[in-house]
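Grab a pencil and have your viewer ready. Here are some exercises to work through, each with its solution.

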Number of protein chains: 2
Amino acid sequence: MREIYLDNSATTQVSEKTIEKAVELMRQKYGNPSSLHAKGLEAQNEVENARKIIAKTLNCDQTEIYFTSGGTEANNLAVFGAAKAMKKRGNKIVTTAIEHSSVYESLKELENSGFEVVYLKPDIFGMVTKEQFMEEIDENTILVTVMMVNNEVGSILPVDQIRECIDLKKSPALFHVDAVQAFGKMPINISKIKPDLLSLSSHKIHGPKGVGALFKSKSKRIYPRAFGGEQQDKVRPGTESAPLIAALGVAVSEIDIESNYKKVLELRNYLVKKLNGISEITLNSGPDSLPYIVNFSVENIKAETMLHFLASHNIYVSGGSACAKGKASRVLKKLGIPDERVTSSIRVSFSKYNSKEDIDALIEGLLDGIKSLVKIKE
Amino acid sequence: MREIYLDNSATTQVSEKTIEKAVELMRQKYGNPSSLHAKGLEAQNEVENARKIIAKTLNCDQTEIYFTSGGTEANNLAVFGAAKAMKKRGNKIVTTAIEHSSVYESLKELENSGFEVVYLKPDIFGMVTKEQFMEEIDENTILVTVMMVNNEVGSILPVDQIRECIDLKKSPALFHVDAVQAFGKMPINISKIKPDLLSLSSHKIHGPKGVGALFKSKSKRIYPRAFGGEQQDKVRPGTESAPLIAALGVAVSEIDIESNYKKVLELRNYLVKKLNGISEITLNSGPDSLPYIVNFSVENIKAETMLHFLASHNIYVSGGSACAKGKASRVLKKLGIPDERVTSSIRVSFSKYNSKEDIDALIEGLLDGIKSLVKIKE
């Protein structure tokens, strides 16, 4: 039976060219990028080439890209690294209430060590306004950390307006953008957004799991989180995973934002139209959200029950973030969505590999499920 | 021209079966191990299988293995995690002066935040005795961290005697073993060594770069270094790199310590005999060191000069640790080796793929180099 994979915000299938590159590095160019001989140099060249590709895509300098083990490490490094570097300048951090757990839990940890964290409240669709940031950012604020696209409902946050807030408020704050869900899906131009830090992950864009990157402005300093060798200017030491980094480079080079967006927008519109025709279903994603993510609730059917039902038909979706491993969504609660809709929420997330047939199969599965599954209230 | 790779302590060639497994995960089993559907489960099963293989090899419980992005992260997590968890019990840390930078630099960082670190002095061959540990470990000691095999000279440290010291001294110390260079090369039995924490890395044992593991005794608690999702009991959150983890599992399952050791011992003896016949060469590795590593100095020729000369003949060795990127070796200095020998030191490190022909080529290269290279004193 054909697999219908609609959980691309959890992770994506790795592209063939990306796999090929990882294999090339593992099989032939297996040197340690730090080794001084030719075998090291050929691996180092692959690392630098990937750095160049990413820098070009983001419109930043090659020296501003640091490789990490993934989005979580990039976000952790940005948040802790900024807080520790800036702690003499103030102790306030401004963020939203719907950040990914790798930012949210880091901030909770910083609260334990005396930082004051303001979690801006989103509207029902997961939007936070520039005005809300304006109200909170001040001269005592040392970090503003905001996701570009929310991973559960797809809301697009106003990251392109935050630099202006920081400047207007004469705040010393470093500005971090968690672009894990946005990267490769919408244009990200460092020279326009003007972040100091920006995180991305490979496995959300058809690259392998285990690698990500942090953009860090060369004019700003953060405190490292890892300690060891001389790699990556000691901002992130440890032997670089050259195979994964080179593979990430290929995955980035394969991105075609415009054509994928067009395709996925059509899929989203098709899905939403179908969902709107099912009376038991309520959309949680707003009309202005990124089309790659569609979140909705199925009346009286627990998310886990529905997703297992769909999985038994080889249709893969999720209930909230994969990282939460089935825990009720903190994010949806913060949107003010009623508990019964939170526990019955399903996230569909697209990639360029999806088709209308996938959606037809999903809708059929959902209708079957609604008919046959045991309802919460029964 | 054939490549003669003798830098296996820097990194190793990835085995074919290991590559195949990584590809299988990237191509087919690409789900997020945290996803609740079957696509997630098949990735999770691969992760658990790797955990099982490693646990069996180390003779510990499967739940005691945590995957990291490599040896550096495993060492960082052990050192910082232990220090933070134990800081109410004392502030002394006992270690050696020749630890890998991922332990050493972490300890330097802990010194900045008030911990007292005692760096035990090795002898000229990189040995530290049980008695030295006995003298320093006390009731105020909260961490003892020691490498099992030194990465530059191959000395074997008495990790199997340290638990006894800790117990005799009624110390609350957690005991961490950095087994990155030892794992796969000599037997490691958790129930005999009785560490609380033990680090290993994939790319030193023919697995891919970008993954490692930390054994943590289930009866001991450490403070996490990473904050995010629910993965790995929150000890090390972040989407697991299932392809690399599964590949590491294969690499571990392929290890044949005894037969490799026998082979490498022969190679070492063959090399040492040849080196002893060259009057310009002085051995830095001791007679009781692990045969996988042979460190020596070439009179009056800078290590970098010699290693580039050898590399031009497709012979790859290193000068000290790859992570140091050519900086003069801190470790050799600590052994009391004179500066001129430190700057001219070469490390040869073997794997099961090496042969006597490799050594013949190396010796020929060294003799050529000694004849033709510009001497330091000239």
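The exercises below deal with a predicted model, taking the chain contact before the pockets.

**Exercise 1.** Work out how much area chain B and chain A bury between them, and which residues of chain B supply the most.

*Solution.* Start with the head count: the contact takes 69 residues from chain A and 69 residues from chain B. Next, the area: about 5,700 Å² is buried between the two chains, with 57% of it on carbon and sulfur atoms. Then look for the big contributors on chain B: Met26(B), Tyr30(B) and Phe227(B) supply 13% of what chain B buries against chain A, more than any other three residues.

**Exercise 2.** Count the salt bridges between the chains and check one of them.

*Solution.* The count comes to 8 salt bridges between chain B and chain A. For the check, pick Glu105(A) and Lys234(B): their side chains sit 3.8 Å apart, N to O, and the cut-off is 4 Å, so the pair passes. While you're there, add the polar contacts, which come to 29 residue pairs with both partners at pLDDT 80 or more.

**Exercise 3.** Describe the largest pocket: what is its volume, and which residues lie closest to its centre?

*Solution.* First, the volume is about 800 Å³. Of the 28 lining residues, Lys84(A), Arg225(A), Lys84(B), Glu109(B) and Arg225(B) are closest to the centre. Helices H3 (71–86) and H4 (101–112), from chain A and from chain B, each give two or more residues to the lining. Finally, sort the lining by class: 14 nonpolar, 6 polar and 8 charged.

How values were computed. Residues numbered from 1 in each chain as written. Chains lettered and ligands numbered in written order. Predicted model: local features only at pLDDT ≥ 70, side-chain atom pairs only at ≥ 80, totals over all residues. Heavy atoms only, no water. 1 Å grid on protein atoms, 1.4 Å probe; cavity = no way out; pocket = protein on both sides within 12 Å on 5 of 7 lines; lining within 4 Å. Points joined across faces, edges and corners; volume = space filled by probe spheres on them. Helix = DSSP H or I, 4+ residues; strand = E, 2+ residues; numbered from the N terminus. Nonpolar A, V, L, I, M, F, W, Y, C, P; charged D, E, K, R; others polar. Contact = heavy atoms within 4.5 Å. Buried area = accessible area lost by both parts, 1.4 Å probe. Polar contact = N/O pair within 3.5 Å; in protein donor to acceptor, adjacent residues only side chain to side chain.
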